[in-house]
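Visitor: I would like a close look at a single part of this structure, with enough of the surroundings described that I can place it. Please take the aromatic residues and whatever they touch as the starting point, and then work outwards.

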Amino acid sequence: MRKPHIRSIALAVAVATAATGLAGTAFAGPATGKARAAAFVTNTGAVVAAARTAAFAHASATGVSTGDELHAKDVMLDPEGARHVRFERTHDGMPVLGGDLVVHLDHRLAYTGVTRATDRTVKPAAATKAKLTADQAATEAARAAKGEAGTARLVVDARDGASALAYQVTVTDQDGTSTVVVDAVTGKVRSNTPDSDQFLSPKLVKSLLKSGVTATPSTGAARAAALARADAPTGAKTAYYPSAASGTGKTLYVGSVGLTTTQTSRGHYQLADPSRYGTEVRDAKGRTTESFGAGTKFTATTNVWGDGTTANRASAAADAQYGIAKTLDFYQKTFGRKGIAGDSKAAHGLVHWGSKVANAFWDPTCTCMLYGDGDGRTFKKPLVVLDVTGHELTHGVVDATARLEPTYVDSDGNQYGEPGALNESLADIFGSGVEFSAANKQDTPDYLIGEKLGLSQKFLRRLDHPSLDKLEGTIDYWTPATHYTEVHAGSGVSSHAYYLLAEGSGKKTINGVAYDSPTYHGSTVKGIGRTKATAVFYRALTRYMVSTTDFHGARVATLKAAQDLYGADSTEYKTVDQAWAAVDVTAANTPAARR
């Protein structure tokens, strides 16, 4: 689940170039014309400067105004020559929540368009003055989130059509942090959102506990045999330390797997992968820490991690390390994305997090995965399943790109609204992609999510026919009421569209799994294949989605992506349109406020 972190605007980026502090992100995908790389501008400083100038020159389209400053978050350089710069905005020095935009340029750095999160000017009325002090706002935030408040700072809240002066406050309690936004004039709490991303919604957890259901996880029929087999040698001899070594993980869910680890000295190893930026899993030892550094390192003298049972703490760590590695591999091999944030930095995980926690999280505070051990009732094993990891780490990718946010969060922490549902859907889409990329026979690649958790309906969600999920009540098609639907239930709209784009409608069997995907009004869709469909959705996310993108906005984003990749007259472009129509998302039924 996506529990959004409405965070402070980052004014610096870690991967530095002398000119901009940003590294250009290349897209690994098909181009539509002959490469003209020699004529393309590749200097990211020049691209950012041109995009910023264009944004102010085309203010009527981009919505920027006097007092605004644009801070580049990402620069994307496409092989066919287009350039895209994602900006976050400040107004009179105050971060603007919901003020993000992407400026699009051609290969000559001429302005071609904009994708923006809000369609109005994002400055408060000139006469607006804060009536609350920062200390008063912090007190109100602490009361709302029931924790200890940090320093309050002024922001402009432009989300949901507003343009309000507000305070943003981070509140910490024993379970983590929340971001609270308090109106600086009225003192009303405008939003209160936990900063971590949970795989299971509070509503679902409560429902499962009430029903008394016990999940019986599948570990694969061949698990015992697999654990007896070493898929990789237990260490490489070397005269220099630390160095990469080939180890074996004996996991809870996928049998015996090869793991790249670090040999720290002769006969001593650490569960950290130097071939993937130092990616590492540590033991939280039952604490609810949001500091990766507070975790205990997994070390061994055999380079064999776990024994396939929960009695060995390293078994869950082996699953987590494997899942994180396979997720990183999927993003790099498929899209050329290096690291979750595209910055060639390590991905981290903490297993055995908290006490009786039946969930797994993406936590933007520590930029790491947190895995609970289960509550001992509904879930009796740690939630370290491969597609759970792929799903949650994709929330990290969304955080680093469009930062899709829910429309609102109820008092129990359940989230609602189309941007949040789209976030959940993308996590399912690319989480499924991780399974296909890993191609592990003990975790059959499929379009099901959470199928190894042991739930009675045999999956948590599915992309081909979302409404077969009776636990969360996932929907197949868009209606105006989707705006008010819980995000996991609403995610079915775009997940269904993706499946139809990839595989088409009707009956199909893939890797022994039977699918039967319906369509709105019984239309027929012929898929373009998973590889092309995945490329379209990734390009749409990274180039054409912003924090407020809803399903109709996603339709436009994927059409633009398909046009970039395959051309406006292509079968791929037309099939994107057909797939969205098949879930009743069309140009004609776009809500009036969003046309």
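Guide: What follows begins with one aromatic pair and its neighbours and then moves to other parts of the chain.

This is a predicted model, and the protein chain averages a pLDDT of 88, with 88% of the residues scoring at least 70. Two stretches call for caution: over residues 1-38 the pLDDT stays under 50, although the model has 127 contacts beyond four places in sequence for them, and over residues 220-236 the pLDDT is likewise below 50, with 39 contacts in the model beyond near neighbours in sequence. Where pLDDT is low, the predicted coordinates should not be read in detail.

The structure holds 18 aromatic pairs. One of them is formed by Phe-430 and Tyr-538, whose rings meet edge-to-face, at 6.3 Å centre to centre and with 80° between the planes. This pair links distant parts of the chain, for Phe-430 belongs to helix H8 (residues 418-438) and Tyr-538 to helix H11 (residues 530-544), and the two are 108 residues apart. Both Phe-430 and Tyr-538 are buried. The pair is also part of a wider arrangement, in which ring pairs link Phe-330, Tyr-331, Phe-335, Phe-430 and Tyr-538 into a cluster.

A residue from another helix touches this cluster: Thr-394, which lies in helix H7 (residues 386-400). Beyond residues up to four places away in sequence, the contacts of Thr-394 are Tyr-331, Leu-426, Ala-427, Phe-430 and Gly-431, and two of these, Tyr-331 and Phe-430, are members of the ring cluster. Thr-394 has 0% relative accessibility and therefore counts as buried.

Helix H8 is followed by a loop that leads to strand E26 (448-449), and Ala-439 lies in that loop. Ala-439 has a positive phi of about 50° although it is not a glycine, and this deserves a second look, because most residues other than glycine have a negative phi.

Aromatic rings also meet charged side chains elsewhere in the model. The charged end of Arg-462 sits over the ring of Phe-459, 5.2 Å from its centre, while Lys-381 lies over the face of Tyr-253, at 5.9 Å from the ring centre.

Moving outwards to the strands, E5 (residues 101-105) is a useful place to follow burial along a short element. Of its 5 residues, 5 are buried, so strand E5 is largely enclosed by the rest of the structure. Leu-101, Val-103 and Leu-105 point one way from E5, whereas Val-102 and His-104 point the other way, and all are buried. E5 pairs in the antiparallel sense with strand E3 (residues 83-91) over 5 bridges, with Val-85 and Val-103 as bridge partners. E5 also pairs in the antiparallel sense with strand E6 (residues 111-116), again over 5 bridges, and here Leu-101 stands opposite Arg-116. E5 and E6 form a hairpin with 5 residues between them, and Leu-109 in the turn has a positive phi of about 70°.

Another positive phi, of about 50°, is found at Asp-92, which is not a glycine. Asp-92 is in the loop between E3 and strand E4 (94-97), and its relative accessibility of 57% is why it counts as exposed.

A further backbone feature is the cis peptide bond that joins Tyr-241 and Pro-242, with omega about -5°. Pro-242 is found in the loop between helix H5 (223-227) and strand E13 (243-250). Strand E13 in turn belongs to an open sheet of 5 strands with mixed pairing, in the order E19-E15-E14-E13-E20. The edge strands are E19 (299-300) and E20 (304-305), each of which pairs on one side only. Strand E15 (residues 268-270) and E19 run antiparallel and are joined by 2 bridges, with Tyr-269 and Ala-300 as bridge partners.

Helix H4 (residues 202-211) finally shows burial divided between two sides. Pro-202, Leu-204 and Leu-208 are buried in H4; they cover an arc of only 165° around the axis, which puts them on the same side of the helix. On the other side of H4, Lys-206 and Lys-210 are exposed.

Definitions and conventions: Residues are numbered from 1 along each chain as its sequence is written. Side-chain values use heavy atoms; hydrogens and water are left out. Buried means under 20% relative accessible area, exposed over 50%, partly exposed in between (1.4 Å probe, protein chains only). Helices (H or I, at least four residues) and strands (E, at least two) are DSSP runs, numbered from the N terminus. The arc is that of the directions from the helix axis to the C-beta atoms. Rings of Phe, Tyr and Trp (its six-membered ring) pair if their centres lie within 6.5 Å; planes under 30 degrees apart count as stacked, over 60 as edge-to-face and the rest as tilted. A charge sits over a ring if NZ of Lys or CZ of Arg is within 6 Å of the ring centre and within 35 degrees of the ring normal. pLDDT is the predictor's confidence in each residue, from 0 to 100. Contact means heavy atoms within 4.5 Å. Two strands pair if DSSP finds at least two bridges between them.
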